[in-house]
Every structure is written in structure tokens, then in C-alpha cells.
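User: I am beginning to read protein structures and would like to work through one by question and answer. Please take the questions in order and explain each step.

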Amino acid sequence: MASPTAGAACPSRSAQEHLMYLQEKVNPILEALVTAVLLERPEEPDFFMLKWLCEQTKTIDASEGQRGSSSTTDEIAELRKGIEALKERKAELEAKKASSRTDSKADAQPPEMKSDKSTKVDEEEDDEEDEDDDEGPDEIPEPPKMNRGPRQSVSAEAYGMWNKKSLDFAAPVYDKTVEQKTRIEKCLESSFLFNGLDKQDLNTLILAFKEKKVTAGERVIQQGDDGDCMYMLETGSVDCLKKVGDDEKVVKTCDSGEVFGELALLYNCARAASVVATEDGTLWVLDRETFNFIVKDAASKKRDTYTEFLKKVPLFANMDTYEMMTVADALKVETTEKDSQVIKQGDVGDKFYIILSGECVAKQSLLPGQPEQEMMVHTAGDYFGELSLIKNQPRAASVYTSAQAKLLSMDRKTFKRLLGPIAEILRRQAVRYEKPEAPEEAK
């Protein structure tokens, strides 16, 4: 009879085996797939992911003869099964869609025409669906190829020695002038990756950046290579290029203060694009180990904390998880003392605020020269400052802290880019700011 101790150990070993399988087999594919989706932002992510998986299968087929590993063959078989299941599900959905269209058109016709034209309608609908099938995937941008060779870009990097932190880790130190430190800090302030760092970590990071001069035409990053560092652009300009067939297409231009090359470090994948300098400039380079030890964990903790907070804010209730994480990444913490003025009536609006903790009071002067009147009180989870950004008008009221408060802020440019989907909700809820009628004697 088996002992209780032996019986209890089995589930533990099984769970560990499951975890190892996910880490070694499943996570590398998922990480590369998620990276491709985030980079391309396709309108139809399901078709994009299906095509991406199909492309990886082709890549695997090309190298299958050289590798000849039984484990690789098993992986291919599993991947193909998944693809076939996705194709079957796609066919079912398209059949339902075609049937729905045919039924709706048939119902709209006079009774005497239905029998004569039913066959023709079915044929036309089938032709349209065939054309959609033929044209749909061709419009999807080519995703980055996953490195299925040594797999160091995904699997070994994600779970191997490179990501194990050493207790005696010491970031490199490169001497800099006070002016250089100030310039680097100013650039870091504009990037969400570094907003969650405390002062000590920020100083360590600044010292760890290494200066690199580039000349116009110099290729800084090559698509498909392993990423061992990230870059911050202090001066100059660079183009991000992606391969489209035999050509390279400019997908983004980075200017002074922007960060690039961080995706390969964040998602443990190969370089998704090439980067070429378009003019002479100065880069600051941060190595992978320092990034992982200081930046990655801080950004991850910040994202998790703020995402959980945003889930409790009604304004963001209908956002999907990715959109909410993107907003969380862009938020910056501001700590204010009691009776501090956050925004001033009449000023140009440049920020949107969410109260993380504490309390703020909105006050407004209804007529020039009159004392301010209290309009409303904002507590944790409330937001303010959006009206000026939506309507491009001066601040309609002043806001003060009634106690020490922590605010999450977002600048105008980021607000327009990330909160576009909920702009209409913000407009509808703007009625809460409507002015009360002025006293009769003041009219």
C-alpha cells in the first residue's frame, strides 16, 4: 500500500511537469505571437494569428530535413493540429455568416421572386465568400518570422541563465558629466518604461548607459538578430524598417528622447525590425542584464498594480486587457501635498488625471473677480482634466488637494492616442461639470 507521503508527491511532480512543458514548449510560441500582434495591431487579429502560425509552419518545413529531431516532429504535428482546428472553426463561422446573409436577402424579396432567385442568390453569396477568402489574408501585413533554429531568442532567453538574477549583480558605471546625466534623465522622463523607478534605481540606470555616436546611414539594429541591448536616442533621428518581400518599408521614425529596441528585451524575442540612422546623432545604450534587473521588473510591477486599479474605475470598464495595460504603462505618478493646486482655471490643459489615493476639490469662479466656489469633490478612482483636452479649451475650473494625494497623470499627446476609444464616453459624462445658474442679482 502506497504511503500518504508518496501519494501526495505525485500531484506536485505532475504540476511541475506541466509548468516545464508550458515554459519550454508553449510560452516561446505564444510570446513570439503576442509580439507580432502588438507590433502590427491588425484589424482582424484572429486571421492575422492564423496566418502567422501558417507562416511558422512553412519555416519549420524548410528546416525539418536538416534538424530531423523526433521532438521537433512532435511539435510540428501538434502545431498543425491546432492550425487545422482554427481553420475548421473559421469555416464554420463563415458558413453561418453566409447563411445569415442569404436568409436576410431572401426575406427582403417579394414572395413571387424568392423561388426564382434563391439559387442565384446562393451562388452569388458563395462567390462573394470565395472572393473574401482569397483576398482577406493577402491584406494582412507580413508578421516577423520566429527563430526556430537554436531558439535562443525565445525559449533559452526567457527561462535560461540569462534571466536568472544574481544576488551580487552590479550595474556597469560609465563616467558622465552633470550635463550628460541631466540630458539622459530628461529623455527617460518621457518613456513609460522608466516612470516607475525610484530615485536610487534611476541614478543607477543613468550611470549604466553607455554613449554611442552614430552616423547617417549606419544600421544600428538588424531585423532577426538577438537583442542584447536597448537604445535611447538623445540627438538625431532613426528609421525603423521592416522587410516586405525583398524590400524594406519604414514603419516608424524615432526622434530625440525616444526609446527603441526594448521589445526584444521585454518579450524575449528576436529583433522585429531594423533601425537605421537617418542623420548623425547620439545614442545611449543599456545592456540586457541591467535592463532585466532594474527596468523590467519595475515596469512589470507598475503595469500590474495600475491595471488592477484601472479595472475598478468605471470609465475603463469596457476596455480590453491589452488596452488597459497600455494605459497603465503610460501613466505617471505625481505625489502632492495638502492644499496643492493641481490645475488652474483659465490655463491651457496639458494633462489628464486619475486619483490613485487621497482627495481633490474642484473650484470655479463663476464670474471674473468673484471668489471661487466649490463645485465637486473627487476621490480615489475619479478623474479630471479631460474636458480641456477633448475640447481644446482652457481649464474650466481649478483643482486643489484637500489632503495628501497620489495622482496618475497622462500628457495630452498620450491621452489623444490611447483614450480615443472612450472619448465619446468622456464627452457624454462632461455634463457633471455644468455650471449652476448664477445668482439673480449677478445676472
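The following exchange considers the whole chain, its cores, one helix and several individual residues.

User: How many helices and strands are there in the chain?
Analyst: The model is predicted, and every value below is computed from it. Its chain has 443 residues, and buried residues make up 39% of them. As for secondary structure, the count is 13 helices and 16 strands.

User: What percentage of the contacts with a separation of 6 or more comes from residues 24 or more positions apart?
Analyst: A contact here means heavy atoms within 4.5 Å. Among the contacts in the chain with a separation of 6 or more, residues 24 or more positions apart account for 75%.

User: Which element supplies the largest share of the largest nonpolar core?
Analyst: This core has 28 residues, and Leu188, Phe194 and Leu205 touch the most other members. At least two residues of the core come from each of α6, α7, β3, α8, β8 and α9. The largest share is 5 residues, and the element that supplies it is α9.

User: Which residues does phenylalanine 194 touch, not counting residues up to four places away in sequence?
Analyst: Phenylalanine 194 is one of the three residues that touch the most other members of the largest nonpolar core. With residues up to four places away in sequence left out, phenylalanine 194 touches Leu188, Leu205, Met230, Val259 and Val295.

User: How many residues are in the other core that lies apart from the largest one?
Analyst: Among the members of this other core are Phe316, Leu418, Leu419 and Ile422. Its number of residues is 24.

User: Within what arc do the buried residues of α6 fall, seen down its axis?
Analyst: Helix α6 has 12 residues and reaches 17 Å from its first C-alpha to its last, close to the 16 Å expected. Its buried residues are Gln180, Ile184, Cys187 and Leu188. They line one face of the helix, because seen down the axis of α6 they fall within an arc of 100 degrees.

User: Which exposed residues does the face of α6 turned away from its buried side carry?
Analyst: The buried residues of α6 have a cover that includes α7, β1, β3 and β8. The face turned away from that buried side carries the exposed residues Val178, Glu179 and Lys186.

User: Is leucine 53 buried or exposed?
Analyst: Leucine 53 is found in helix α2. It touches Ile29, Leu79, Ile83 and Leu86, not counting residues up to four places away in sequence. Its relative accessible area is 12%, and the cut-off for a buried residue is under 20%. Leucine 53 is therefore buried.

User: What distance separates the C-alpha atoms of aspartate 226 and alanine 270?
Analyst: Aspartate 226 is found in the loop between β2 and β3 and is partly exposed, with a relative accessible area of 29%. Aspartate 226 and alanine 270 are 44 residues apart along the chain. Their C-alpha atoms are separated by 4.8 Å.

User: What is the phi of aspartate 339?
Analyst: Aspartate 339 is found in the loop between β9 and β10 and is exposed, with a relative accessible area of 57%. Although aspartate 339 is not a glycine, its phi is positive, at about 65 degrees.

User: What is the phi of asparagine 392?
Analyst: Asparagine 392 lies in the loop between α11 and β15. Its relative accessible area is 55%, and it is exposed. Asparagine 392 is not a glycine, yet its phi is positive, at about 55 degrees.

Methods. Residues are numbered from 1 along each chain as its sequence is written. This is a predicted model: local features need pLDDT of at least 70, side-chain atom pairs count only at pLDDT 80 or more; totals for chains, interfaces and linings use all residues. Side-chain values use heavy atoms; hydrogens and water are left out. A nonpolar core is a set of buried Ala, Val, Leu, Ile, Met, Phe, Trp, Tyr and Cys residues joined through side-chain atoms within 4.5 Å. Buried means under 20% relative accessible area, exposed over 50%, partly exposed in between (1.4 Å probe, protein chains only). Helices (H or I, at least four residues) and strands (E, at least two) are DSSP runs, numbered from the N terminus. The expected span of a helix is 1.5 Å times one less than its number of residues. The arc is that of the directions from the helix axis to the C-beta atoms.
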